[in-house]
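Biologist: Hi! Could you walk me through this structure? I'd like to start with how you decide what counts as buried.

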Amino acid sequence: MTSQADPARSQTAPPAFPVTVATPLLKHIKTWDEYPGRFEAVARVELRPRVSGYVDQVNFKEGSTVKQGDLLFTLDKRPFEIAVESAKAEVARAKAQVDFAKADVDRAAPLVESKALSEQVFEQRRSTLGVAEAQVMSAAAQLRSAQLNLEWAEVRAPISGRISDKKIDVGNLVLGGQVNSTLMATIVTTDPIHFVFDASEADYMRYARLNQSGVRPSSRVAANPVRVKLADESEWSHEGVMDFVDNAFNQRSGTIRGRAILSNKDDLLTPGLFARIALYGGDVDAFLIPDTAIISDQARKIVYTVNADDVIAATPVTLGQMYEGLRVIKAGLKADDRVVIEGVANPAVRPGTKVAPTNGTIKPVEKTAQN
């Protein structure tokens, strides 16, 4: 009995995986560059006494808001009051000497005309009067100095702002003057407030080129807009403007310091607080794709594109900001690239895989604070 051979099994290629592809969305947008930084007070004052003395009173609540001119510390005034009284007495004594010397000159004047008194003696009496008048001026200056020291025995707020805790207690001796004076407290202003950050050399050169071409003015001459986002915030809810760019790069870090100023009416922003700033970087034509289409490949970001043979290729890209719910692609894509926007999560979809692409469309999905 003759056996018949089994028919040959047909060899078929595995089916192509379905994916959705779309060309990048091209839009004219405002670009925003993000930097980390910290808030700083516009003004900060170390409160130190101008005169030495014992602390008699502390007249503020630690951590409270104070106004310019508020009484903060009171030193023992008694030594300064005594000095004022002594200076007043010296002024009175000097004035009495002036009165006597003036009367002496008045009496001598007719005697000189009648030759009963020599010119030399008369000039001596006039000189005595001049010395007495100078002593009055000196005594008056000492009185003003004593009164000023008495005034400085009350340590008042030089600026309005929030005060720290007291660094010295009642009963302690504080040293005044310009050298080794005692730190009593610090005051920082809170509204408005500065935000300080560092930008790289590449960013600085890009801004400089934009300024030269007239696309974006330099922040040294224009109040370019900024937006700030705190660590617990998802939106850029604090707005301000640039008000300073440093005059040189930091030689160690290779960065240049920038500073913005923001309103702080609700006192939420505090000096030293960490946040992120978005700085206006000019208007550009940019490609946008969904953030879900981006894949992390070790230290780089890639997107999957489909070539003319419907084969997946990995395309490295440089990411920018989020705009209307889409991710800005700074570099890496072309206008006719077919980007995989659906199906990326399938582990079988990887570079070199044959796919069955379906055409889709990239559309904005939301409005953000940076529109």
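Modeller: Happy to! A residue is buried under 20% relative accessible area, exposed over 50%, and partly exposed in between. Keep in mind that this is a predicted model.

Biologist: Okay, so where does Tyr-204 fall, buried or exposed?

Modeller: In between: its relative accessibility is 25%, so Tyr-204 counts as partly exposed. Phe-249, at 29%, counts as partly exposed too.

Biologist: Switching to rings, how many aromatic pairs are there?

Modeller: Five. One of them is Tyr-35 with Phe-197, a stacked pair with 5.2 Å centre to centre and 20 degrees between the planes.

Biologist: Where do those two lie?

Modeller: Tyr-35 is in strand E2 and Phe-197 in strand E11, so the pair ties together parts 162 residues apart in sequence. Both Tyr-35 and Phe-197 are buried.

Biologist: And what about the rings of Tyr-204 and Phe-249?

Modeller: Their centres are 5.2 Å apart and their planes stand at 85 degrees, so that pair is edge-to-face. Tyr-204 belongs to helix H3 and Phe-249 to the loop between strands E13 and E14, so this contact links parts 45 residues apart in sequence.

Biologist: New topic: what's the strand order in the open sheet of four strands?

Modeller: The order is E3-E10-E8-E5, with antiparallel pairing. E3 and E5 stand at the edges with a single partner strand each, so one side of each has no neighbour in the sheet.

Biologist: How many bridges join E5 and E8?

Modeller: Two, in the antiparallel sense. Thr-65 has Arg-162 in E8 as its bridge partner.

Technical notes: Residues numbered from 1 in each chain as written. Predicted model: local features only at pLDDT ≥ 70, side-chain atom pairs only at ≥ 80, totals over all residues. Heavy atoms only, no water. Pairing = 2+ DSSP bridges. Phe/Tyr/Trp six-rings, centres within 6.5 Å; stacked < 30°, edge-to-face > 60°. Buried < 20%, exposed > 50% of the residue type's maximum accessible area, 1.4 Å probe, protein only.
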